[in-house]
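Please keep the sequence and the model side by side while you read this note. It is written for someone meeting a structure of this kind at the start of their studies.

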Amino acid sequence: MQQRFRKPLFVSVLASSILLASCGDAEQADSGAAQQQQMTVGVVTIASRSVDLTTTLPGRASAFRVAEVRPQVNGIMKERLFEEGSMVTAGQQLYQIDAAMYEAELASAEAEIARAKAAVKASKSRFERSKGLLTDKAISQQDFDEAEAAYLQAEAQLKVAEANLSRAQLNLEYTRVKAPISGRIGRSQLTEGALLSVGQAQALTTITQLDPIYVDIAQSTSDYLKLQAAITDGRIVTDDDNRAEVTVRVGEDGNYSTTGELLFNEVTVDPQTSAITLRARLENANHAILPGMYVRAEVGTGALQNAILAPQTGVTRDPRGRAIAFIVNEKGEVEQRYLTVERTVGSDWVVTDGLRVGDQVIVEGLQKIQPGMPVKTEEVK
């Protein structure tokens with residue numbers, strides 16, 4: 001009888017033990033889940049600050065000065081005195097034209113000067129004597145007038161001879177064709193022995209000044225109007241002269257850059273592209289930028305006041321392309337925000353709507369969170 005009553009008692013005790021064990025396991029699971037939800041995420045606290053804005057625009061380089069060299073006297077080219085593709089300075093002789101005829105004209109002009117001076121001397125002496133004779137009434141008034149006229153005519157002939165001498169000297173000087181500007185000279189279009197003439201259509205060569213250099217930049221009308229509206233509203237501050245700094249980068253990797261300033265904006269819009277042309281002048285000491293080259297220009301557009309910046313690592317896109325950021329709200333829970341972003345500044349987005357100063361944007365641990373989840377925060381520098 002005692003054995004029959006012991007067996008049910010043992011079963012009851014065993015069932016109670018199993019029930020207690022299962023309750024303990026459930027409590028441990030719930031505790032582990034709570035600890036897992038309280039994960040730590042890296043956040044960046046939003047603050048406002050002033051940022052310098054730049055706009056990257058395409059542009060084309062153009063020469064600062066271009067001069068086509070042409071002959072100013074007729075003649076045969078005797079010699080080319082420069083190396084094609086080299087640097088030349090203003091006043092440097094480039095060509096020599098046969099000067100024999102012009103040297104002869106100069107000698108004739110000099111002889112004419114000597115003859116005219118002799119005629120002036122003789123007529124002046126006669127005129128001076130005529131003055132005294134007229135006072136003594138030894139000659140008639142007509143004779144005196146003729147002597148005076150002869151003297152004045154001799155002086156006029158001397159001035160004509162001097163003008164001819166200056167022209168002969170100038171023509172002789174023009175046989176030495178010189179560089180009008182400093183810069184890099186191109187190839188010679190004509191060789192020795194070619195007949196040159198004044199006003200010929202073909203230039204002898206071309207000189208291009210490369211330092212400094214111009215860059216013509218195209219900006220869309222819509223971007224230009226947005227910039228002007230931001231300046232009017234006071235969100236963007238420019239200097240008094242509105243001379244923005246321009247940085248130009250060339251090459252696929254943009255490994256060469258140079259800086260300059262924006263000179264002016266065109267007053268008309270290109271009807272085909274609806275773009276405004278901006279011209280910048282930049283230093284080009286090593287001549288890395290050549291006329292006609294395509295460049296990328298970073299144009300400073302002013303300083304944006306009280307800008308809200310969000311790290312790009314904390315901003316994602318939904319399937320519709322809308323910008324999204326996850327923040328930690330005052331309850332310590334994850335909250336999803338839709339943002340309006342305008343542009344990038346370095347590694348940040350400029351946010352115009354959706355974030356406030358003091359918001360904590362999650363930048364680390366985004367793959368393991370979801371809205372409403374309680375999290376712990378750790379500031380990321």
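The points below go from the whole chain to two helices, then to their rings and to two charged side chains.

1. Please bear in mind throughout that this is a predicted model. The chain has 381 residues, of which 34% are buried, and its secondary structure is made up of 4 helices and 20 strands.

2. If we take the contacts in the chain with a separation of 6 or more, 75% of them join residues that are 24 or more positions apart. The accessible surface of the chain is about 23,400 Å², and carbon and sulfur atoms account for 50% of that area.

3. Helix 2 runs over residues 100-135, and the distance from its first C-alpha to its last is 53 Å, which is close to the 52 Å expected for its 36 residues at 1.5 Å a residue. Just beyond this helix comes Lys-137, whose phi is positive, near 60°.

4. Helix 3, which covers residues 141-174, can be checked in the same manner: at 1.5 Å a residue its 34 residues should span 50 Å, and this agrees with its end C-alpha atoms, which are 50 Å apart.

5. Which residues of helix 2 are buried? They are Tyr-102, Leu-106, Ala-109, Ile-113, Ala-116, Val-120, Ser-123, Phe-127 and Ser-130. When you look at the spacing of these numbers, remember that an α-helix has 3.6 residues a turn, so residues three or four places apart point the same way. The buried residues of helix 2 pack against helix 3.

6. In helix 3 the buried residues include Phe-144, Ala-147, Tyr-151, Ala-154, Leu-158, Ala-161 and Leu-165. The buried residues of this helix pack against helix 2 and also against strand 6, which is formed by residues 176-178.

7. A search of the whole structure finds 4 aromatic pairs. One of them is formed by Phe-127 and Tyr-151, and it counts as stacked because the ring centres are 5.6 Å apart and the planes stand at 5°, under the 30 degrees used as the limit. This pair links distant parts of the chain, since Phe-127 belongs to helix 2 and Tyr-151 to helix 3, 24 residues apart. Both Phe-127 and Tyr-151 are buried, and ring pairs link them with Phe-144 into a cluster.

8. Finally, two arginines deserve a look beside their rings. Arg-80 lies over the face of Phe-82, at 5.4 Å from the ring centre, while Arg-317 lies over the face of Trp-349, at 5.5 Å from the ring centre.

Conventions: Residues numbered from 1 in each chain as written. Predicted model: local features only at pLDDT ≥ 70, side-chain atom pairs only at ≥ 80, totals over all residues. Heavy atoms only, no water. Helix = DSSP H or I, 4+ residues; strand = E, 2+ residues; numbered from the N terminus. Buried < 20%, exposed > 50% of the residue type's maximum accessible area, 1.4 Å probe, protein only. Contact = heavy atoms within 4.5 Å. Areas by Shrake-Rupley, 256 points an atom, 1.4 Å probe, with all protein chains shown as cover. Expected span 1.5 Å × (residues − 1). Phe/Tyr/Trp six-rings, centres within 6.5 Å; stacked < 30°, edge-to-face > 60°. Lys NZ or Arg CZ within 6 Å of the ring centre and 35° of its normal.
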